[in-house]
Amino acid sequence: MSNRRSFFQSLAGLGLTGVLSLKSISAKAKSLDIAEALKEMSKSSSEDILKNEDLWNRIREAYTVSPNILNFNNGGVSPQPKVVQDAVDRYYHLSNEGPTYFMWNILDQGRENIRRGLAKLADCSPECIAINRNTTEALDTVIMGISLEKGDE
């Protein structure tokens, strides 16, 4: 049934799709720019890299950190590049558009491959690895795996 609400919803959907695709194109361009900057660094001497202000500006623009704070603990708490933040943000919004559908139909698709990969990394059998979607599922996995009898605490 066609009505004003469905008409405006379809217009909003088209507009949002355009904005999201522009964001995706922009993020891809930014990540390619950083990839080019890193390639440029690999072809240059240390002295040339240190003097290349354009290169350092491109790298600086890839991050959203405050220019007023110096972070000397990059080993433990280094910032993510903007392109990574944008990807996480897109994933977050996508997963919230249909949480149940996304959790059961999308996230589960690669679960076994990931489990096998983690087992290989940990040098153990895949049966030793449990991947849970959330805290409730993880606690249920543990609780249901404990053989309790009447009166047990």
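How far is the sulfur of Cys 128 from the closest cysteine sulfur, and in which residue does that closest sulfur lie? Select Cys 128 together with Cys 124 in this predicted model, and the distance between the two sulfurs comes to 4.9 Å, which is too far for a bond. Because a disulfide calls for cysteine sulfur atoms within 2.5 Å, Cys 124 is in no disulfide, its nearest cysteine sulfur being that of Cys 128, and the count of disulfides comes to 0. While the pair is still selected, turn on the surface: Cys 124 is partly exposed, with a relative accessible area of 30%, whereas Cys 128 is exposed, with a relative accessible area of 59%.

Next, select helix 7, which covers residues 111-122 and in which Ile 114 is found. Add Leu 118 and Leu 121 to the selection, since, by the computed areas, Ile 114, Leu 118 and Leu 121 form a nonpolar patch on the surface, with about 320 Å² of accessible area together.

From the surface, move to the interior and select Ala 37, Met 41, Ile 49, Leu 55 and Ile 59, the 5 residues that make up the largest nonpolar core. Colouring by secondary structure is useful here, as helix 1 (4-42) and helix 3 (53-61) each supply at least two residues of this core. In soluble globular proteins, nonpolar side chains tend to be buried together.

Finally, centre the view on Met 41, one of the core residues, and display its surroundings: with neighbours within four places in sequence left aside, Met 41 is in contact with Ile 49, Leu 55, Trp 56 and Ile 59.

Methods:
Residues numbered from 1 in each chain as written. Predicted model: local features only at pLDDT ≥ 70, side-chain atom pairs only at ≥ 80, totals over all residues. Heavy atoms only, no water. Buried < 20%, exposed > 50% of the residue type's maximum accessible area, 1.4 Å probe, protein only. Patch = residues over 30% accessible without salt bridge, like charges linked within 9 Å, V, L, I, M, F, W, Y side chains within 5 Å. Areas by Shrake-Rupley, 256 points an atom, 1.4 Å probe, with all protein chains shown as cover. Salt bridge = Lys/Arg side-chain N within 4 Å of Asp/Glu carboxyl O. Helix = DSSP H or I, 4+ residues; strand = E, 2+ residues; numbered from the N terminus. Core = buried A, V, L, I, M, F, W, Y, C linked by side-chain atoms within 4.5 Å. Contact = heavy atoms within 4.5 Å.
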